[in-house]
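Biologist: I would like to take a close look at a single part of this model, and then follow it outward into its surroundings. Please go slowly, since I am new to reading structures.

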Amino acid sequence: YLNTGYSKGMVMLSNGNILLSSDAAGPDVTSAGGVVEVDMLGFVRKEYAVEGGYHHDAYEMKNGNLLILTNDIKSTSFADYIVELDRTTGKVVKEWKLKEICDKIDNTVSGFYPTWGWINSITYDYEHDDLILSLRNMNSVMSLDYETSEINWILGEKKYWTDKYDKYLIKGMGRDFIYPAGQHSV
């Protein structure tokens with residue numbers, strides 16, 4: 001039983017607990033101040049503050065660490081930053097700044113507006129060691145190399161990306177193929 005307004009993404013954890021947004025206010029109206037791990041009775045077992053807040057989704061790695069969708073508070077954009085939290089210490093052990101990653105290829109894409117990418121879902125592909133992201137405002141799904149942060153591929157219509165991204169774009173096949181649009185999950 002939860003008697004507090006936990007309102008952002010819910011993730012089932014391998015230990016049977018649930019990861020939810022904390023009830024603390026985040027740095028902006030779209031995020032909570034962090035995440036809480038609650039048991040099935042609603043008792044908070046752990047709480048993790050996240051500097052940039054928590055929005056939309058998280059993912060539990062096999063090593064127990066958490067991939068958290070957050071905001072880089074020093075950036076001019078938001079909802080395009082991912083951190084990996086160590087579950088024991090609550091410290092950030094790795095980060096991916098999608099704006100910086102994309103700006104290395106072409107900085108005009110992430111300059112459209114502050115919510116250009118709007119990552120709203122994340123998962124980890126163990127077979128390829130990749131992060132798979134849903135970029136809601138780019139109507140695309142993207143794969144990033146976990147170690148190098150390099151873009152592997154983008155499943156999205158060409159009209160959302162400049163020519164400099166052509167080598168990353170997956171071309172849909174078949175007469176009935178439809179690219180993602182407005183997706184909220186990988």
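Which residue in β3 does leucine 19 stand opposite?

Modeller: Leucine 19 stands opposite glutamate 37 in β3. Before going further, please keep in mind that this is a predicted model, and that what follows is a description of that prediction.

Let us begin with the sheet around this pair. Four strands, in the order β1-β2-β3-β4, form an open sheet whose pairing is antiparallel. The edges are taken by β1 (11-12) and β4 (44-54), each of which has a single partner strand, so one side of each is left without a neighbour in the sheet. Strand β2, residues 18-21, pairs with strand β3, residues 32-38, in the antiparallel sense over four bridges. Besides the pair that you asked about, isoleucine 18 has valine 38 as its bridge partner in β3.

On the other side of the pairing list, β3 also joins β4 in the antiparallel sense, over six bridges, and here alanine 32 has tyrosine 54 in β4 as its bridge partner. These two strands, β3 and β4, form a hairpin with five residues between them, and glycine 42 in the turn has a positive phi of about 90°. If you colour β3 by accessibility, you will find that the strand is mostly covered, with seven of its seven residues buried. When you look along such a strand, it helps to remember that in a regular strand the side chains alternate between the two faces of the sheet.

Glutamate 37 also leads us onward, for Glu37, Glu60 and Arg87 are linked in a network of salt bridges. Following that network to glutamate 60, we find this residue opposite leucine 66 in β6. The strands β5 and β6 (residues 66-70) pair in the antiparallel sense over three bridges, and they belong to an open sheet of four strands in the order β5-β6-β7-β8, with antiparallel pairing. Its edges are β5 (58-60) and β8 (92-97), and each has a single partner strand, so one side of each is left without a neighbour in the sheet. From one strand to the next in this sheet, the twist averages 15°.

The network is part of a wider set of charged pairs, since a search of the whole structure finds nine salt bridges. One of them joins the side chains of glutamate 100 and lysine 97, at 4.0 Å from N to O. Glutamate 100 is partly exposed, with a relative accessible area of 48%, and lysine 97 also counts as partly exposed, at 22% relative accessibility. Another salt bridge is formed by lysine 158 with aspartate 166, where the closest N and O atoms are 2.9 Å apart. Lysine 158 counts as partly exposed at 36% relative accessibility, and aspartate 166 is likewise partly exposed, at 36%. Arginine 175 and aspartate 176 form a salt bridge too, with their closest N and O atoms 3.9 Å apart; here arginine 175 is exposed, with a relative accessible area of 80%, and aspartate 176 is exposed at 63%.

Let us now turn from the charged pairs to the nonpolar side chains. In soluble globular proteins, nonpolar side chains tend to be buried together. In this model the largest nonpolar core has 28 residues, of which Leu98, Leu131, Leu133, Met142, Ile151, Trp161 and Tyr165 touch the most other members. The elements that give two or more residues to this core are β6, α1 (98-103), β9 (119-125), β10 (130-135), β11 and β12 (151-156). A second, separate core has 13 residues and includes Val11, Tyr48, Ala58 and Leu85. Returning to methionine 142, and leaving aside residues up to four places away in sequence, its contacts include Leu98, Cys102, Leu131, Ile151 and Trp161.

Tryptophan 161 brings us to one last polar residue, serine 140, whose side chain makes a polar contact with the side chain of tryptophan 161 at 3.0 Å. Serine 140 lies in strand β11, residues 140-145, and is buried, with a relative accessible area of 0%. Again leaving aside residues up to four places away in sequence, serine 140 touches several residues, among them Leu133, Ile154, Gly156 and Gln183.

Key: Residues numbered from 1 in each chain as written. Predicted model: local features only at pLDDT ≥ 70, side-chain atom pairs only at ≥ 80, totals over all residues. Heavy atoms only, no water. Pairing = 2+ DSSP bridges. Axes fitted to C-alpha atoms, helices over the stretch in contact; angles between N-to-C directions. Buried < 20%, exposed > 50% of the residue type's maximum accessible area, 1.4 Å probe, protein only. Polar contact = N/O pair within 3.5 Å; in protein donor to acceptor, adjacent residues only side chain to side chain. Contact = heavy atoms within 4.5 Å. Core = buried A, V, L, I, M, F, W, Y, C linked by side-chain atoms within 4.5 Å.
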